[in-house]
Amino acid sequence: MCGRTACTLAPDEVSRACSYRNRGGRRRQPRWRDGDADKYRPSYNKSPQSMSPVLLSQRHFDKNAPVDECVLASMRWGLVPAWFKENDTSKMHYSTSNCRSENILERKSYKDPLVKGQRCVILADGFYEWMRQEKNKQPYFIYFPQTQGASQEKTEDQDDPTTSARNKENSETVCPPEEASLDLTEGGEAPGEWTGWRLLTMAGVFDCWTPPGGGEPLYSYSVITVNASPNLQSIHDRMPAILDGEEEVRKWLDFGKVKCLDALKLLQSKDILTFHPVSSLVNNSRNNSPECLQPLDLNSKKEPKPTASSKMMMSWLTSNTPPKRKNPDTRESKGEQESKAQCKRKGALKQWLQGAKKKPRTN
């Protein structure tokens, strides 16, 4: 299953990190849907009910857009079916944060949007999973292996909290209705090519619910799960359905060309992820700091403590809140609301991994 994730990139970095090629082979950088960049808040510890970055076809919002044109949106984790009759989503008596690929067409909550082509890709640095032990559960952070060139990016202002906060404040990229993606090529070059953390791309299904009494439509999603891959079976028997590479992402999102049953064939258990143990700090979703991702030495009983730099950064940001930000989404937890202040701008995961003497486990 998948009940907790991390996504620490700023909105503009998410856009750069999921550039893609359309049917014509042209590289594009998806824009954020109008207003959605501000709904997304980076977090080291995202739980269901929070807002997460999702990649999908622009055709879902604009019927005249090419079906292979992608756009970024912020969606609520935990699908609310379009046919849900209550005005309060908390009155749903079953969980929709995950849906099993094996019976996805047997449940109305998922079958209805799936046959309409409402497929999406949930973006995250990685996800957390808990291994059952005799007396407790040991959490692990699971993610794509990072290549030598992909996660080496580091800028001079990376550790400067002032610059980091300012860049995040100015990083919102909204999507005008006439075009959902930007061409990355001018003169044959791709400016600002992403060399940072490779985001995990998880297959999902989404729906749009409007309160019966009126109100703003709510877009929400469910993470599709499959049997765990061989190297993850010791941790848990389920895992998110991972889309490996641009071609699988393109096929999953291209509901005009790739029909439902063919798309479902992409949802296979893939032995392609790596992982490392982390602290029990992540057990509480209110804990939202870089320490949640820090590789843990299982031979030591000591828990990682907040560093002096993270304490100083948090103190500075809480007393210097950027004035142009909108008020936090009241549907999110306190930890989610504070996440923008806690997340460093670039390379947080890489910094922790480089600082750990022990390499991440792969088997």
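Trainee: Which residues of helix α2 are buried?

Mentor: Ser-109, Tyr-110, Pro-113 and Leu-114 are the buried residues of α2, which covers residues 108–115. Buried means under 20% relative accessible area, exposed means over 50%, and partly exposed lies in between (1.4 Å probe, protein chains only). Helices are DSSP runs of H or I with at least four residues, strands are runs of E with at least two, and both are numbered from the N terminus. Keep in mind that this is a predicted model: local features need pLDDT of at least 70, side-chain atom pairs count only at pLDDT 80 or more, and totals for chains, interfaces and linings use all residues. Residues are numbered from 1 along each chain as its sequence is written, and side-chain values use heavy atoms, with hydrogens and water left out.

Trainee: How do you know that the buried residues of α2 line one face of the helix?

Mentor: Look down the axis of α2. Its buried residues fall within an arc of 110°, so they line one face. The arc is that of the directions from the helix axis to the C-beta atoms.

Trainee: What do the buried residues of α2 pack against?

Mentor: They pack against four strands and two helices: β7 (98–100), β8 (119–124), β12 (200–209), β13 (218–227), α4 (246–253) and α5 (260–264). Contact means heavy atoms within 4.5 Å. Gly-117 follows α2, and its phi is positive, near 85°.

Trainee: Why is Ser-74 called buried?

Mentor: Its relative accessibility is 5%. The limit is 20%, so Ser-74 counts as buried. Ser-74 lies in strand β6, residues 70–77.

Trainee: What does the side chain of Ser-74 reach at 2.7 Å?

Mentor: The backbone oxygen of Asp-36. The side chain of Ser-74 also reaches the backbone nitrogen of Tyr-40, at 3.4 Å. A polar contact is a pair of N or O atoms within 3.5 Å; within protein, one must be able to donate a hydrogen and the other to accept it, and residues adjacent in sequence count only if both atoms are side-chain atoms. Leaving out residues up to four places away in sequence, Ser-74 touches Trp-32, Asp-36, Lys-39, Tyr-40, Met-51 and Ser-52.

Trainee: Why is Arg-59 called partly exposed?

Mentor: Arg-59 has 30% relative accessibility. That value sits between the 20% and 50% limits, so Arg-59 is partly exposed. Arg-59 lies in the loop between β5 (51–57) and β6. A polar atom of its side chain is 3.5 Å from the backbone oxygen of Lys-63. Beyond neighbours within four places in sequence, Arg-59 is in contact with Ala-65, Pro-66, Val-67 and Phe-255.

Trainee: What makes Ser-289 buried?

Mentor: A relative accessible area of 18%. The cut-off is under 20%, so Ser-289 counts as buried. Ser-289 is placed in the loop between β15 (274–277) and α6 (308–319). Its side chain makes a polar contact with the side chain of Glu-291, at 2.8 Å.

Trainee: How many disulfides does the structure hold?

Mentor: Zero. Cys-120 is in no disulfide, and the nearest cysteine sulfur, that of Cys-99, is 9.4 Å away. A disulfide needs a pair of cysteine sulfur atoms within 2.5 Å. Cys-120 is buried, with a relative accessible area of 0%. Cys-292 is buried too, at 1%.

Trainee: Which residues have the most contacts inside the largest nonpolar core?

Mentor: Leu-55, Tyr-221, Trp-252 and Leu-273, in a core of 63 residues. Strand β6 gives the most to this core, with six residues. A second, separate core has eleven residues, including Ala-6, Phe-141, Trp-197 and Leu-293. A nonpolar core is a set of buried Ala, Val, Leu, Ile, Met, Phe, Trp, Tyr and Cys residues joined through side-chain atoms within 4.5 Å.

Trainee: How do you know that Phe-141 is buried?

Mentor: Its relative accessibility is 0%, so Phe-141 meets the limit of under 20%. Phe-141 is found in strand β10, residues 137–143. Its C-alpha atom is separated by 6.5 Å from that of Val-278, although the two are 137 residues apart along the chain.

Trainee: How many of the protein's contacts join residues 24 or more positions apart?

Mentor: 75% of those with a separation of 6 or more. The protein has 363 residues, and 55% of them count as buried. Its fold holds nine helices and 15 strands.
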